[in-house]
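Here are a few exercises to work through with the model open in your viewer. Try each task before you read its solution.

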Amino acid sequence: MVDIEKIIQDSIDVKSLIINDKRLVEKIRKAADVCILSLRNGGKIHFCGNGGSAADAQHLAAELSGRFYYDRPPLNAEALHVNSSYLTAVANDYSYDVVYSRMLQCSAKEGDVLWGITTSGNSSNILKAVEVAKSMGVKVIGMTGETGGKMAEVCDVLLNVPSKCTPRIQESHIMIGHIICEIIESTIFPR
């Protein structure tokens with residue numbers, strides 16, 4: 001039988017580790033600053049992930065391009081997987097490994113930000129996107145699990161949640177993403 005209380009407590013425990021990790025809290029602020037600088041200079045935030053991380057990517061892009069807490073002008077943010085015809089054509093004609101990197105080649109410019117979300121830190125299509133982003137002068141924010149995987153070596157800002165459990169990592173990713181969206185919104189459009 002599933003222990004509901006234990007699952008909730010496990011989620012709380014991961015968030016307690018985050019709040020008590022001053023270095024990680026500072027990296028959350030730094031990630032927001034990277035996005036703010038890009039957006040203020042006419043840049044765009046590109047999000048990518050697979051599965052649940054793709055859903056998180058789309059969710060966070062919508063928080064910025066739509067609104068978060070209050071009405072304000074839209075911010076330039078998009079999840080790279082939302083064009084299903086493009087995604088399936090490139091995956092079929094080339095490889096799923098290049099679906100995000102190829103899109104970046106036509107939609108990103110120097111000064112933009114790529115926000116890659118992968119709980120393992122080892123998703124090959126995210127890593128390929130990071131490689132292309134770095135070659136184009138695009139800053140990279142990575143959200144991963146505990147070790148950071150291969151992403152640990154290639155991100156400008158790595159937000160690695162202190163857990164090895166995919167659902168707990170994803171719950172924390174959306175929390176961190178919401179915090180960053182709030183910082184961005186309140187800084188660019190103060191009330």
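**Exercise 1: the sheet**

Strands E1 (residues 45-49) and E3 (residues 113-117) run parallel to each other and pair over 5 bridges. Keep in mind that this is a predicted model.

Task: work out the strand order of the sheet, and find which strands sit at the edges.

Solution. Start from the E1 and E3 pair, where Cys48 stands opposite Gly116 of E3. Now work outwards: the order comes out as E2-E1-E3-E4-E5, an open sheet of 5 strands with parallel pairing. That leaves E2 (77-79) and E5 (157-160) as the edge strands, each pairing on one side only. From one strand to the next, the twist averages 15°.

Next, look for what packs on the sheet. Helix H7 does, touching E3, E4 (139-144) and E5. Its direction makes about 140° with that of E4.

**Exercise 2: the two sides of H1**

Task: find which residues of H1 are buried, and say what they pack against.

Solution. First get the helix itself straight. H1 covers residues 4-19, so to speak a run of 16 residues, and reaches 23 Å from its first C-alpha to its last, close to the 22 Å expected at 1.5 Å a residue. At its start, a side-chain oxygen of Asp3 comes to within 3.3 Å of the backbone nitrogen of Glu5.

Now pick out the buried residues: Ser11, Val14 and Ile18. They cover an arc of only 60° around the axis, which puts them on the same side of H1. The spacing fits a simple rule: an α-helix has 3.6 residues a turn, so residues three or four places apart point the same way.

Then turn to the neighbours. The buried residues of H1 pack against helices H2 (22-40) and H7 (166-188). On the other side of H1, you'll find Glu5 and Ile19 exposed.

**Exercise 3: a histidine in H7**

Task: locate His178, then decide how it should be classed by its relative accessibility.

Solution. Begin with the element: His178 lies in helix H7. Its relative accessibility is 24%, and buried would need under 20% while exposed would need over 50%. So His178 counts as partly exposed.

Finally, check its partners. Leaving out residues up to four places away in sequence, His178 touches His59, Leu60, Glu63 and Phe68. Take Glu63 from that list: it is 115 residues from His178 along the chain, yet their C-alpha atoms are separated by 8.1 Å.

Technical notes: Residues are numbered from 1 along each chain as its sequence is written. This is a predicted model: local features need pLDDT of at least 70, side-chain atom pairs count only at pLDDT 80 or more; totals for chains, interfaces and linings use all residues. Side-chain values use heavy atoms; hydrogens and water are left out. Helices (H or I, at least four residues) and strands (E, at least two) are DSSP runs, numbered from the N terminus. The expected span of a helix is 1.5 Å times one less than its number of residues. Buried means under 20% relative accessible area, exposed over 50%, partly exposed in between (1.4 Å probe, protein chains only). The arc is that of the directions from the helix axis to the C-beta atoms. Contact means heavy atoms within 4.5 Å. A polar contact is a pair of N or O atoms within 3.5 Å; within protein, one must be able to donate a hydrogen and the other to accept it, and residues adjacent in sequence count only if both atoms are side-chain atoms. Two strands pair if DSSP finds at least two bridges between them. Axes are lines fitted to C-alpha atoms, for helices over the stretch in contact, and angles run from 0 to 180 degrees between N-to-C directions.
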